[in-house]
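Colleague: I have a model open on my screen and I'd like to learn how to read it. Could you walk me through it?

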Amino acid sequence: MAAGSTQRLLPRRLLQLGDGRCLGYALLGCTQDPVGTVIYAHGWPSSALEATGPAATGAQRHRLQLVAYDRPGVGASDHDPGFSFHSLASDVAQLISHLRLDPARVVLMGTSGGGPYTAACASLIGTGGALGSQRVAGAVLVASMTHTSGPGTAGLLAGMALSNRLGYYALNYLPHSVTRTAVQATALAVRPVLQAVLAADAAPGTAASKLGQQLHQQHPASSNSDGGPSKPDRSNQATTPCTPSTAGDSAAAATL
């Protein structure tokens, strides 16, 4: 339900990856003859919808195309049972290849919880092999998460809210199985509330409904600038294979 709601607010295009999963992404900012492209990694918990704010406005102003993707298991992107920094970097490399972008004119951008993933992509893309041989132009981390234990981390948590500090302490010092269970339990507890809020906000006349209408006018799903057909809402079709946004380009191998 949540995925369907975010899909209505920001129509996604779908890319079928080499392992058969679908990666959801949206093209924002300047999509016609841009001077460069920014690959946007959203925070946590969030989705590509996050990029429709100041990031898209700034990209438009500076003639930059903004490609915002949903991380696996979020929004329109399928879950990745083998998710890792390396697997995500491979997904992003395939997206760059699929859109036929010149890596030398691509900048990776990650905000908050998307920062570590952007740093990993910047490190891994361009190192050869399946991730290509040409590096991207650069990476930008905005209010990024980082490690909070070990050398050089003294004082990093100062000034944070108590709940944030406790969360970082738990990640640093509790067994991984405990923190993972706590995160999963929190997600299960919060999900019904978020679904109810999304359902209420999507009602006609509400702020979310008006936002959705505005976004559809600015970025209609029926006119993909990458040449592909419009994408249906797959929120109730999780087991149905996706259709690549350009026929024949399944990005089975990411050669940049």
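**Reading the fold, feature by feature**

Modeller: Let's start with one residue: Asp33 counts as exposed, since its relative accessibility is 65% and the cut-off for exposed is over 50%. Keep in mind that this is a predicted model.

Colleague: Where is Asp33 found, and what is its phi?

Modeller: Asp33 is in the loop between β2 and β3. As a general idea, most residues other than glycine have a negative phi. Asp33 is not a glycine, yet its phi is positive, about 55 degrees.

Colleague: And what about Arg100, in which loop does that one lie?

Modeller: Arg100 lies in the loop between α3 and β5. Its phi is near 55 degrees, again a positive value in a residue other than glycine. Arg100 is exposed, with a relative accessible area of 62%.

Colleague: Leu99 is found in the loop between α3 and β5 too. Is Leu99 buried or exposed?

Modeller: Buried means under 20% relative accessible area, so Leu99, at 14%, counts as buried. Try finding Leu15 as well: the two are 84 residues apart in sequence, but their C-alpha atoms are 9.8 Å apart in space.

Colleague: On to the sheet. In what order do the strands come?

Modeller: It's an open sheet of six strands, ordered β1-β2-β4-β3-β5-β6, with mixed pairing. β1 (13-16) and β6 (138-142) stand at the edges with a single partner strand each, so one side of each has no neighbour in the sheet. From one strand to the next, the twist averages 30 degrees.

Colleague: How many bridges join β3 to β4?

Modeller: Six, between residues 36-41 of β3 and 64-69 of β4, and the two strands run parallel. For one example, Tyr40 has Ala68 in β4 as its bridge partner.

Colleague: Which helices should I look at against the sheet?

Modeller: Try α2 (residues 54-61), which packs on the sheet and touches β2 (22-29), β3 and β4. Its direction makes about 155 degrees with that of β4. Then there's α4 (residues 115-124), also packed on the sheet, touching β3, β5 (106-111) and β6. The direction of α4 makes about 155 degrees with that of β5.

Colleague: Which residues of α4 are buried?

Modeller: In general, an α-helix has 3.6 residues a turn, so residues three or four places apart point the same way. In α4, the buried ones are Gly115, Thr118, Ala120 and Cys121. Their cover includes β3, α3 (85-98), β5 and β6.

Colleague: What follows α4?

Modeller: Gly126 follows, with a positive phi near 95 degrees.

Conventions. Residues are numbered from 1 along each chain as its sequence is written. This is a predicted model: local features need pLDDT of at least 70, side-chain atom pairs count only at pLDDT 80 or more; totals for chains, interfaces and linings use all residues. Side-chain values use heavy atoms; hydrogens and water are left out. Two strands pair if DSSP finds at least two bridges between them. Helices (H or I, at least four residues) and strands (E, at least two) are DSSP runs, numbered from the N terminus. Axes are lines fitted to C-alpha atoms, for helices over the stretch in contact, and angles run from 0 to 180 degrees between N-to-C directions. Contact means heavy atoms within 4.5 Å. Buried means under 20% relative accessible area, exposed over 50%, partly exposed in between (1.4 Å probe, protein chains only).
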